[in-house]
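Subject: Handover of a structure and its findings

Dear colleague,

I am pleased to hand over the structure shown below. Please keep it open beside this message while you read the notes that follow.

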Amino acid sequence: MGAGIAIIGCGSAVPEAVLTNDHLAQMVDTSDEWIVTRTGMRNRHIASPTESLSQLSAIAAKSAIAMAGISPTEIDLIILATSTPDDMFGSACKIQGLIGATNAVAFDLTAACSGFLFALITASQFIRTGVHKNILIIGADVLSRWVDWTDRTSCILFGDGAGAAVCQRVDDDRLLSFGMYSNGIQNDSLNLNYGGDRKLLTEDITAQYGTFNPITMNGKEVYRFAVAKVPEAISKAMFQANLTADDIDWLLLHQANQRIMDAVAKRLKIPQSKILSNIEEYGNTSAASIPLALDAAVRDGRVKPGDIIAASGFGAGLTWGSAIFKWG
Ligand code: COA
């Protein structure tokens, strides 16, 4: 068998509770009108104390595996892209156990909102080198656990969810091109930093003890970065794949802000009707946003086998990336 990659299944899961713009207006000084106009968001789904990232991921994964038509025991590798694991040691193995992927090896990957795309590209390397045949990639985050609910400039943006996809080794390669990028100079524009207190262990050894601080963000800087770098990354990938904007059937962008998605489409001269957007219902679900939008569009029949999708993720790091692939 050849060393091409196909994405043969997808799945998603979101928590039940819906936090509306009107709810947010009761919590901070904001309004439905402001949020809709500036972001395109109306709702976001929030994980309850009894819903875990691992559970949501397992539901998404099972549904992707079912669509792929394989058994969990046929999965060779699981890559969980998340910044909010249930366990700082990683949650991929927990998910492996929940779905019964007994023959897989599992690990976490952290690249914030670029995580799902980075997981896809990482998976493609294991497939192209012939090491693995079936790889489950998951993008999942519960950023609601780390949002500063008193900061109106960021708390309106984030929701929780999990999305998954199964990549398989095939003869006819359907991953047409990709690129991965990061810029640590702008690291301080979006953070979820550790912030423990000093803890004296002995007379001359001091450690730190505590937890992470809530998200801090320079919204304007992140906005400018996304609108500049995402079209560039997709243009490069189109060039590498020998494609023009007319060849792209769907634009599958990280769902950070509808205005960012519209601006990217405009720069690429891709009609807005080709943007896959679910931002109104889910807000920014970080690593989950791309597979959530993909899964909805595949299941409602918008995305059909053979459609060419230009995807791009971007976020904290700063990180960003692009991938052009044929669905199915
Ligand atoms: N409700 C009402 N007013 C708000 C508000 C809110 N939730 N948040 C900010 N404002 C105010 C600001 O205080 C500011 O008031 P001022 O003019 O009196 O100073 C005004 O609205 C405009 O703020 P500004 O920051 O210029 O708004 P914006 O149009 O840039 O939109 C974001 C803010 C956060 C929506 C936008 O910058 C953005 O989406 N950035 C990218 C963030 C992102 O995607 N992060 C995750 C990346 S993975």
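A polar contact is a pair of N or O atoms within 3.5 Å. By that definition, the side chain of T30 makes such a contact with the ligand: one of its N or O atoms is 2.7 Å from a nitrogen atom of the ligand. Please note that this is a predicted model.

**The ligand and its contacts**

Two further side chains reach oxygen atoms of the ligand. A polar side-chain atom of R38 lies 2.8 Å from one oxygen atom, and for K220 the corresponding distance to a ligand oxygen is 2.4 Å. Taken alone, the ligand exposes 960 Å², and the protein buries 75% of that area. The ligand occupies the space of the largest pocket.

**The shell around the ligand**

In total, 22 residues surround the ligand, and the closest are T30, R38, R152, K220 and N257. By type, the shell holds 9 nonpolar, 8 polar and 5 charged residues.

Which elements give two or more residues to this shell? They are α2 (32-39), α6 (219-240) and β14 (308-315). The largest share comes from α6, with 4 residues. At the level of domains, at least three shell residues come from each of domain 1 (4-172) and domain 2 (177-184 + 216-326).

**The loop that holds R174**

R174 is placed in the loop between β7 (160-170) and β8 (175-182). Its side chain reaches two backbone oxygens: that of D172 at 3.3 Å and that of G328 at 2.6 Å.

**Two details of the backbone**

Most residues other than glycine have a negative phi, and most peptide bonds are trans. Two places in this model depart from those patterns, as described next.

The peptide bond that joins G317 and L318 is cis, with an omega of about -10°. L318 belongs to the loop between β14 and β15 (319-326).

The other place is N242, a residue other than glycine whose phi is positive, near 60°. N242 is found in the loop between α6 and β13 (250-253). As noted above, α6 also gives the largest share of the shell around the ligand.

I suggest beginning with the ligand and its contacts, and then turning to the loops.

With kind regards

Methods: Residues numbered from 1 in each chain as written. Predicted model: local features only at pLDDT ≥ 70, side-chain atom pairs only at ≥ 80, totals over all residues. Heavy atoms only, no water. Near = heavy atom within 4 Å. Polar contact = N/O pair within 3.5 Å; in protein donor to acceptor, adjacent residues only side chain to side chain. Areas by Shrake-Rupley, 256 points an atom, 1.4 Å probe, with all protein chains shown as cover. 1 Å grid on protein atoms, 1.4 Å probe; cavity = no way out; pocket = protein on both sides within 12 Å on 5 of 7 lines; lining within 4 Å. Sits in = over half its atoms within 2 Å of the grid points. Nonpolar A, V, L, I, M, F, W, Y, C, P; charged D, E, K, R; others polar. Domains from an automatic or database assignment.
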